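Student: Can we go through this one together? I'd like to understand the reasoning behind the words people use for it.

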Amino acid sequence: MNIPSPLNPPRRLLLGPGPCDAHPRVLRAMAAPLLGHLDPQFLEIMNDVQTMLHAVYQTHNPVTFPVSATGMAGMETCFVNLVEPGDRVVICVAGFFGQRMVEIAERAGAQVTVLERPWGEVFDFQPIRETLQKVRPKLLAIVQAETSTGAWQPLEGLGTLCHEFDTLLLVDAVTSLGCVPVTVDDWQIDAIYSCSQKGLGCPPGLSPVSFSPRAVEVFSKRKTKVQSWYFDVNLVEHYWDSERFYHHTGPISMIYALHEGLRLVLEEGLQARWARHRRNHEALKAGLKALGLTYTANEKYQLPQLNAVRIPAGVDDLAVRKRLLGEFGIEIGGGLGEFKGKAWRIGLMGHNSRPDVVLLFLAALEQCLASQGIKVQPGAGVTAANRVYLSGA
Ligand SMILES: Cc1ncc(COP(=O)(O)O)c(C=O)c1O
């Protein structure tokens, strides 16, 4: 056979829904020499990762660790451990990832009640209260940052509401952790999962999860075995708790990556990081508006890190994305599900939430839109964004 040439991937600016670009320090950490997954030095690194995850998730939950796979594995881990066949579960669906939860919960044998909102909207607590009262579920699941619509679901108070009905609260924080507040203990979240490749600025491959003592009690008293061996927290937990008992070979280089990604988050500080995401979002939004684009989510609920905008009438979705990638090396996301062909998703996550990125993207997009017949005052997007930066907002 002809051996393929060595890898030489082109340089891209990853401004889609994720992965985003890993921070250079994260990539350097990944090149460090491998250790054995039970090496005392590696166990120290695992301790550090857990301590830093506690800080970033703002929790004291002892059962907090990264699942060795992407965000979907975090979703599966939460459902397969907390749900036993026949359990009643309520899932809030206002986009693609809410729908995914339904699929996963059904596979775990749950009796699912779906609470729906139109795509791009968020849930008020009153209909949730009414549904909890009627269904009395074991678990309610909701997506904090719906990546398919760019909508930001408020969570404060939802944990208390769920606990009134003896219901566990499960939250998808895949597109939120490291970008906007995620306050596990204060918000009384019982189970949560995220990913490495977005707000934490690492490559894809890990899904940090955390379980409240209430959730741990539920899965430690299960009547049936968890149908997945790999994701059974009662087993995998012994690799991450003080026993450090072999369960599977830890993904060493990814743990190095997460270690550095979390260090970067804490060095910057959570508040400062959230403020940075907000500032760059405001600048991007001003620029997109000046280019004639509107958001799919209501102004009040727009995610800073995932800007979903309507594709203007007459503009060829694929042609624009192809040109952005081919000429400028910039990747953005197309629409998912109901929004396929109708929306673009522009991610400013983690390391990529920066003024230089915003200004470059707006300049490139203006050219692409001009080639599609959308004419604006030259430099309108960049000018509007700069106005936000120069105003100190
Ligand atoms: C909100 C949400 N949940 C779950 C997932 C699944 O994560 P992954 O693709 O890392 O498996 C994604 C992926 O983007 C997501 O945006």
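**Helices, domains and a ligand**

Tutor: Let's start with a conclusion: helix 2 and helix 9 are oblique to each other. Keep in mind that this is a predicted model.

Student: Why are helix 2 and helix 9 called oblique?

Tutor: Look at the angle. The axes of helix 2 (residues 40-57) and helix 9 (residues 252-268) cross at roughly 40°. Angles under 35 degrees would count as roughly parallel, and 65 to 115 as roughly perpendicular. Roughly 40° fits neither range, so the pair is oblique. The axes come within 9 Å, and the crossing is left-handed.

Student: Which residues make the contact between helix 2 and helix 9?

Tutor: On helix 2, they include F42, I45, M46 and V49. On helix 9, I255, L258, L262 and L266 are among them.

Student: What makes the contact of helix 2 with helix 9 nonpolar, polar or charged?

Tutor: Count by class: the contact has 14 nonpolar residues, one polar and two charged. H259 takes part in the contact, and histidine is on neither the nonpolar nor the charged list, so H259 counts as polar. D48 and R263 also take part, and Asp and Arg count as charged.

Student: How do you know what to call the pair helix 3 and helix 4?

Tutor: Use the angle again. Helix 3 and helix 4 (residues 96-107) pack at about 45°, with their axes 9 Å apart. That angle is outside the parallel and perpendicular ranges too, so helix 3 and helix 4 are oblique to each other. Their crossing is right-handed. M75, E76 and F79 of helix 3 meet R100, M101, I104 and A105 of helix 4. By class, that contact has five nonpolar, no polar and two charged residues.

Student: Where does helix 3 turn up around the ligand?

Tutor: Helix 3 (residues 71-82) gives the largest share of the ligand's shell, three residues. In total, 14 residues surround the ligand, and the closest are T70, G71, M72, T147 and V174. The shell divides into eight nonpolar, five polar and one charged.

Student: How many residues of domain 1 touch domain 2?

Tutor: The domain assignment gives domain 1 (24-266) and domain 2 (270-390). 22 residues of domain 1 are in contact with 23 residues of domain 2. The domain 1 side has eleven nonpolar, nine polar and two charged residues. The C-alpha centres of the two domains lie 29 Å apart.

Student: What is the peptide bond from G18 to P19, cis or trans?

Tutor: That bond is cis, with omega near 10°. P19 lies in the loop between strand 1 (13-14) and helix 1 (24-30).

Student: What is phi of R136, positive or negative?

Tutor: Phi of R136 is near 50°, a positive value in a residue other than glycine. R136 sits in the loop between helix 5 (125-135) and strand 5 (139-143).

Notes: Residues numbered from 1 in each chain as written. Predicted model: local features only at pLDDT ≥ 70, side-chain atom pairs only at ≥ 80, totals over all residues. Near = placed C-beta within 6 Å. Helix = DSSP H or I, 4+ residues; strand = E, 2+ residues; numbered from the N terminus. Axes fitted to C-alpha atoms, helices over the stretch in contact; angles between N-to-C directions. Parallel < 35°, antiparallel > 145°, perpendicular 65-115°, else oblique. Left-handed = near helix turned anticlockwise from the far one by under 90°. Contact = placed C-beta atoms within 7 Å. Domains from an automatic or database assignment.
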